[in-house]
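Here is a short, friendly tour to read alongside the coordinates. Take a look at the chain, and then we can go through its sheet, its helices and its charged pairs.

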Amino acid sequence: MSSPSRMSPVRRRRSAAALALAAAAWVVLLTVIVAVDDFPRGLLLLLCTALVAAGAWEGVLRRGWGRVAALAVAGVALAGGVLVLGDEGYRQSLVQLGLGALIWHAAARVAFQPDVVLPAAARPKRPVLVVNPRSGGGRAARVGLAAAAGERGIEVVELHAGADLEALVREAVDAGADALAMAGGDGSQAVVAALAAEADLPYACIPAGTRNHFALDLGVDRDDVVGALDAFVDGGERVVDLAEVNGRVFVNNVSLGVYAEAVQQEGYRAAKLRTLLDTVAASRAPEGASHDLSWTTPGGRTLRGAAVIMVSNNQYRLTGAAGAGTRPAVDQGLLGVTVLDPPVSGERRRRRPWRQWVTPDFRVEATRPVPAGIDGEAALLTPPVVFRTRPAALRVRVAAHHPGASPSAIEPVGALPALRALLRIAGGGDPRGRRERRPLPTHPLSASPP
């Protein structure tokens, strides 16, 4: 883990951050000089620069169509500057402006890549990999996972239909396994992760499932199933949280409400959209199960009814910014709570329809069993539904050539926080801006207390 090849991402990120800051400073300096020397016409270049810079920077901070739109604004602003100011006196300045903005954008994107260096860890002597051959439509078999594990000295246990996963893993631990890995969906990952934490054994998440959300937030490359096995060869170690609901461990999230009711339906996997729409209609009825849920807000108010209550093992980033849909951290010792109210027709809404906050524990009351989706698997929970975090519960191994952090781990939300992050990276600081874990107040992240 301390080899030059592994350290190169750190040096590359630091150099890229310094280059991005230098390019940004050059763009600002160039514009100010031209604006002062040719006042007031130079103010047009100042306006052009502001639009180009804003578009280039937003292009760093966003993904998908948000990035496309931001870069389009920058391109149109630069093209407009060429049309209005493209004489001999400004042509060179406009070329330098465009080049500077391009370097700033590209270098900042490199600086915010999520590669991190994890502490080195000793190679286990008897690692065991449990493979669910049905996960991901047989993905493990397609990539030759069992053979690749054998080449690395990893014992393979196959989970056959109807077998008890927990019993298989306990048997492996009793037989002397000193590390555990799971190749399967997130529900199976939760079972094996819980047992690894119980036995204080290192754990590796092998992304052989369909979506592999836990792998993504741990910093495992979801497209490199075989390479994930190297977590037990040259991998580094990090310590992350687990969470539980009514004593059952989950690694990603638990959903109550419309989605949870939909996954209970027999035809859900065959017709997800139709089932979900039917469930939404049913949940709007006064007797719908979603109306039976009640919980206490961070401000101390007890509220009833929700379209969705999602409780996650650490908070998800749900905005349109970089890394949306992932968790910036899975080691903050807290739960993320997101509540979405049901649609209201014909009456004025009396509270915000969407809110998020963080808390070490959370409780949902109900008068009847509560349908739930636990890491995507259907369950029925006996009320009260009690959520708790298990801070620093799990020792995770990640292959040295994998990122080692979530896509949203390094890049903050917002222009000024991202600029401060660039300064911190260029100065050799931790790009994640990590602080010592401490008890967190139960206040919302994205909304003030009701």
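What is the order of the strands in the open sheet of 6 strands? The order is 12-11-10-7-14-15, and the pairing is antiparallel. Strand 12 (354-359) and strand 15 (377-381) each have a single partner strand and stand at the edges, so one side of each lacks a neighbour in the sheet. Direction ignored, neighbouring strands of this sheet are turned against each other by 20 degrees on average. Keep in mind that this is a predicted model.

Inside the sheet, strand 10 (residues 308-313) and strand 11 (residues 335-340) pair in the antiparallel sense over 6 bridges. Val308 stands opposite Leu340 of strand 11.

Now for the helices. In helix 7 (residues 165-174), the buried residues are Leu165, Val169 and Ala172. Seen down the helix axis, these buried residues fall within an arc of 60 degrees, so they line one face of helix 7. The face turned away from that buried side carries the exposed residues Glu171 and Asp174.

Helix 4 (residues 88-111) gives the largest share, 3 residues, of a nonpolar patch. That surface patch, of about 370 Å², is made by Leu19, Leu99, Leu102 and Ile103. Ile103 has its place in helix 4 and is partly exposed, at a relative accessible area of 33%.

Side chains of opposite charge can pair when their charged atoms come close. The count of salt bridges here comes to 13, and the table shows three of these pairs, including their separation along the chain.

| Salt bridge | N to O distance | Separation along the chain |
|---|---|---|
| Asp200 and Arg395 | 3.6 Å | 195 residues |
| Arg390 and Glu244 | 2.8 Å | 146 residues |
| Arg248 and Glu377 | 3.6 Å | 129 residues |

How exposed are the partners? Asp200 is exposed, with a relative accessible area of 52%, while Arg395 counts as partly exposed at 23%. Asp200 and Arg395 also belong to a network of salt bridges with Glu237 and Arg397.

Arg390 is partly exposed at 30% relative accessibility. Is its partner Glu244 buried or exposed? Glu244 has a relative accessible area of 13%, and because buried means under 20%, Glu244 is buried.

Arg248 lies in strand 6 (residues 248-250) and is partly exposed at 35%. Its partner Glu377 is in strand 15 and is partly exposed too, with a relative accessible area of 33%. The C-alpha atoms of Arg248 and Val191 are separated by 8.9 Å, with their positions 57 residues apart along the chain.

Terms used: Residues numbered from 1 in each chain as written. Predicted model: local features only at pLDDT ≥ 70, side-chain atom pairs only at ≥ 80, totals over all residues. Heavy atoms only, no water. Pairing = 2+ DSSP bridges. Helix = DSSP H or I, 4+ residues; strand = E, 2+ residues; numbered from the N terminus. Axes fitted to C-alpha atoms, helices over the stretch in contact; angles between N-to-C directions. Patch = residues over 30% accessible without salt bridge, like charges linked within 9 Å, V, L, I, M, F, W, Y side chains within 5 Å. Areas by Shrake-Rupley, 256 points an atom, 1.4 Å probe, with all protein chains shown as cover. Salt bridge = Lys/Arg side-chain N within 4 Å of Asp/Glu carboxyl O. Buried < 20%, exposed > 50% of the residue type's maximum accessible area, 1.4 Å probe, protein only. Arc of directions from axis to C-beta.
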